[in-house]
Amino acid sequence: MFRKSFATLVLFASLNSASFAAPPNLDDAIADIGHRWAKVSYQTPESSREAAFAPLIAQAQQLTQIFPGKPEPLIWLAIVLASAAKAEGGLGGLSKAKDARDCLLAAEKINPAALDGSVYNSLGSLYAKVPGWPLGFGDKKKAKVYFEKALALNPNGIDPHYFYADLLADQGEYAKAAEHLKRALAAPARPGREDADAGRRREAMHALETLKQEHGDQLVGKQPA
């Protein structure tokens, strides 16, 4: 009887201790999501990415609950949702894109400068890529405004230059796009984001080479806006 009661007390104490365990450090938790996102985005076959993003979405959602009122978890949840939307496509992808936009707008109200202005970079990317009315909320003019805000907050960042270049190329401004891609490639390394930087640089190099091959005669003598 004593042994049974003692074992029960030990089990209860263990469960009680676990339930009151200290929450994870926010910076460490954000870094973990960033590394997992980079692995799915750059090391996972395209056909497997949609499924691979699902547990990462759940992890990011949990982080928003552990740290309510913090913009960083909302931003990373939006980034993961937007990436999953791209992998999924269709109406399911559009629903995730809308959820990502809502997370970013909520984060903007808390601190628009969080994570070097990633709110505006991610909003710009969404508005640039999502279909316009009546299917979606896409708007190239809004995308440009958001990218300009992102660059104002992070003028040397690899991401805002890369995504703004993508919009410019899509609008036929190839010379400006090439200059922003060059700035993306010249961006300083981000400590702790080496995996993401490597993947983004590969994308920027590929985009720049494509511009040179397809529009080389239009890439001379222009400076980015």
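**Gln-171, unusual backbone and a salt-bridge network**

Author: Gln-171 sits in the loop between helix 8 (158-170) and helix 9 (174-185). Helices here are DSSP runs of H or I, at least four residues long, and strands are runs of E, at least two, all numbered from the N terminus. This is a predicted model, in which local features need pLDDT of at least 70, side-chain atom pairs count only at pLDDT 80 or more, and totals for chains, interfaces and linings use all residues. Residues are numbered from 1 along each chain as its sequence is written, and side-chain values use heavy atoms, with hydrogens and water left out.

Reader: Why is Gln-171 called partly exposed?

Author: Its relative accessibility is 37%. Buried means under 20% relative accessible area, exposed means over 50%, and partly exposed is in between (1.4 Å probe, protein chains only). The value 37% falls in between, so Gln-171 counts as partly exposed.

Reader: How far apart are Gln-171 and Lys-140 in sequence and in space?

Author: They are 31 residues apart in sequence. C-alpha to C-alpha, the distance is 8.9 Å.

Reader: What is the peptide bond from Trp-133 to Pro-134, cis or trans?

Author: Cis, with omega near 10°. Pro-134 is in the loop between helix 6 (114-129) and helix 7 (140-153).

Reader: What makes the phi of Leu-115 notable?

Author: Phi is positive, about 50°, although Leu-115 is not a glycine. Asp-116 also has a positive phi, near 55°, and is a residue other than glycine. Leu-115 is found in helix 6. Asp-116 is found in helix 6 too.

Reader: Why is Leu-115 called partly exposed? And what makes Asp-116 exposed?

Author: Leu-115 has 30% relative accessibility, which lies between the two limits, so it is partly exposed. Asp-116 has a relative accessible area of 52%, over 50%, so it is exposed.

Reader: How do you know that Asp-159 forms a salt bridge with Arg-190?

Author: Their closest N and O atoms are 3.3 Å apart. A salt bridge is a side-chain nitrogen of Lys or Arg within 4 Å of a carboxyl oxygen of Asp or Glu. The value 3.3 Å is within 4 Å, so the pair qualifies. Asp-159 lies in helix 8 and Arg-190 in the loop between helix 9 and helix 10 (194-215), so the pair ties together parts that are 31 residues apart in sequence.

Reader: Is Asp-159 buried or exposed? What about Arg-190?

Author: Asp-159 has a relative accessible area of 16%, under 20%, so it is buried. Arg-190 has 22%, which falls in between, so it is partly exposed.

Reader: What makes Arg-200 and Asp-159 a salt bridge?

Author: The closest N and O atoms are 2.8 Å apart, within 4 Å. Arg-200 lies in helix 10 and Asp-159 in helix 8, so this pair ties together parts that are 41 residues apart in sequence. Arg-200 is buried, and so is Asp-159.

Reader: Why is Asp-197 called buried?

Author: Its relative accessible area is 3%, under 20%, so the label fits. Asp-197 also forms a salt bridge with Arg-190, with the closest N and O atoms 2.7 Å apart.

Reader: Which residues are linked in a network of salt bridges?

Author: Asp-159, Arg-190, Asp-197, Arg-200 and Glu-203. The whole structure holds 12 salt bridges.

Reader: What pLDDT does the protein chain average?

Author: It averages 89, and 87% of the residues score at least 70. pLDDT is the predictor's confidence in each residue, from 0 to 100. Over residues 1-21 it is below 50. Beyond near neighbours in sequence, that stretch has zero contacts in the model, a contact being heavy atoms within 4.5 Å.
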